[in-house]
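Let's go through this structure together and ask, label by label, what stands behind each one. Pull up a chair and have a look.

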Amino acid sequence: MFEQTFKNIDDILHKDAGCSSELDYTEQTSWMLFLKYLDDFEQERAMEAEMMGEDYPYIIDEAHRWSAWAAPKDANGSFDHNTALTGDDLMDYVDGELFPYLKGFKQRATGPDTIEYKIGEIFGEIKNKIQSGYSLRDALEKVDELRFRSQQEKHELSHLYETKIKNMGNAGRNGGEYYTPRPLIRAMIDVIQPQIGETIYDGAAGSAGFLCEAYDYLRKGGREQKELSTSALKTLQEKTFYAKEKKSLAYVIAIMNMILHGIEAPNVVHTNTLGENLQDIQPSNQHDIILANPPFGGKERQEVQQNFPIKTGETAFLFLQHFIKMLKPGGRAAIVIKNTFLSNSDNAAVALRRELLENCNLHTILDCPAKTFLGAGVKTVVLFFTKGEPTQKTWYYQLEPGRSLGKTNPLNDADMAEFVELQKTFADSEKSWTVSVTDITHGTEADLSVKNPNAKEEAALREPADIIAEIIALDKESEAILGSIQELL
């Protein structure tokens, strides 16, 4: 229903001088979508209040509501081109009045968990990059065609928005940063099995894919697909999902993605997660479940490293320490990390592996194939662990889809089905096996490398002399056959 509208918006932005990449298209679409959503949300609440004989206190002043400046309507409900701002007038209003007004909500909000604060955060970080007031007018009219009234409409919009995020991930060097393959996320959630009443945290939220998929899983009643009560739905909305994100664009996209999936006031904090000292994390800050794909390959400054007992510049290793600390005792985690973590011999990696094995039950390691993450040039594994009990044994699964993964042939849910099924009982197979912790820790480095004992041995390479001898023999055989054919002729 809305797919063509999204394509039309991209076409408009593509022609504007201020937007040069898929990242820009998604960013600019996001702030317009957010304001359109907010207007629909307020109109719906106002109608509900009117039916109850009450007044609805609008969040946005009348002059700055979407229906006043972006899509004014005439008496018949049609778009009013006579009153709609365009060209330089529109640009002057958006950049000079609207954005400063919306940015001011952060100071006026009663607290960081309010929608007002989120509005202020978003428009304090994001900028209008569209340079032509005529392009902006065209884009606004297209966005106004989108509606957020029914669940079906929200579902379609969330699907289309996910596609935009995926395209951002495919756009180049930012691949793994914005987009974790959804089949992999769904498999991780299916193993962890979150329940209503548990809190779920991602301290490196990116586009909030983990939280959105977890919401969908719980909204449908989890693995049992059971009907949710009104109180369970309220808990799911308000006291289940928590996230932090450092980068401005990802923060905005995370909020918009969660809203489109049905989480009306996302608990996403715009902050550098690693700037928090581990000693300052209290039990009240901890969570039942952590699902995350932290950035790897980055380097953190010395002052940031001082927040962690195991000092290292590797971002992913700092995040892993943060996640262990943020878990409640008995809490469960599924974390994507580069596979070199399993065997690196540097002091930080060895110390972190020992910390994980001694204080958590690292019960499962999923080994992912190359190109699972488009745009990321490293192989990854997923660590599944429970905090508060030492590791006795670890079950490994080597994911092999039987084909080379890529942009046109990505990971799918069928690829993950065997892993999810075998993991329920930690069953051994050609692709899965169990290793005792004594076999892991008997060395000094606590090496967790993936070494499949069930893999079929490759045929030994032959000596060059043997190969040459076979070629000569085959040549002689061919010569004899050709001689026989020549005699027949």
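**Charges, bridges and cysteines**

A negative surface patch is formed by D88, D89, D92, D95 and E97. Keep in mind that this is a predicted model.

Q: What makes the group of D88, D89, D92, D95 and E97 a negative patch?
A: Asp and Glu count as negative, and like charges are joined into a patch within 9 Å. D88, D89, D92, D95 and E97 form such a patch.

Q: Where does E97 sit, and why is E97 called partly exposed?
A: You will find E97 in helix α4, residues 87-103. Its relative accessibility is 45%, and partly exposed covers the range between 20% and 50%, so E97 earns that label.

Q: How do you know that E121 and K106 form a salt bridge?
A: The N to O distance between their side chains is 2.6 Å. The cut-off is 4 Å, so the pair counts as a salt bridge.

Q: Why can the pair of E121 and K106 be said to tie parts together?
A: E121 belongs to helix α6 (residues 115-125) and K106 to helix α5 (residues 105-108), so the bridge connects parts that are 15 residues apart in sequence.

Q: Which labels do E121 and K106 get, buried or partly exposed?
A: E121 has a relative accessible area of 5%; buried means under 20%, so E121 is buried. K106 has 31% relative accessibility, which makes K106 partly exposed.

Q: What makes E213 and R186 a salt bridge?
A: Their closest N and O atoms are 3.2 Å apart, and the limit is 4 Å, so the pair qualifies. This bridge links distant parts of the chain, with E213 in helix α11 (residues 209-219) and R186 in helix α10 (residues 182-192), 27 residues apart.

Q: Why is E213 called buried, and what about R186?
A: E213 has 10% relative accessibility, and buried means under 20%, so the name fits E213. R186, with a relative accessible area of 32%, is partly exposed.

Q: How do you know that R223 and D190 form a salt bridge?
A: The closest N and O atoms of R223 and D190 are 3.1 Å apart, and the cut-off is 4 Å, so they count as a bridge. R223 lies in the loop between α11 and α12 (230-238), while D190 is in helix α10, 33 residues away along the chain.

Q: Why does D190 count as partly exposed?
A: D190 has 21% relative accessibility, and buried requires under 20%, so D190 is partly exposed. R223 gets that label at 31%.

Q: How many salt bridges does the structure hold, and which residues are linked in a network?
A: The structure holds 24 salt bridges. K36, D40, K73 and D144 are linked in a network of them.

Q: Why is C360 not in a disulfide?
A: The closest cysteine sulfur, in C368, is 20 Å from that of C360. A disulfide needs the two sulfur atoms within 2.5 Å, so the distance is too far for a bond. C368 is likewise in no disulfide, and the count comes to zero disulfides.

Q: What makes C360 and C368 buried?
A: Their relative accessible areas are 0% for C360 and 1% for C368. Buried means under 20%, so C360 is buried, and so is C368.

Technical notes
Residues are numbered from 1 along each chain as its sequence is written. This is a predicted model: local features need pLDDT of at least 70, side-chain atom pairs count only at pLDDT 80 or more; totals for chains, interfaces and linings use all residues. Side-chain values use heavy atoms; hydrogens and water are left out. Buried means under 20% relative accessible area, exposed over 50%, partly exposed in between (1.4 Å probe, protein chains only). Patches are made of residues with over 30% relative accessible area and no salt bridge: like charges are joined within 9 Å, nonpolar side chains (Val, Leu, Ile, Met, Phe, Trp, Tyr) within 5 Å. Accessible areas come from the Shrake-Rupley method with a 1.4 Å probe; for residues, only the protein chains shown count as cover. The place of a charge is taken as NZ of Lys, CZ of Arg, CG of Asp or CD of Glu. Helices (H or I, at least four residues) and strands (E, at least two) are DSSP runs, numbered from the N terminus.
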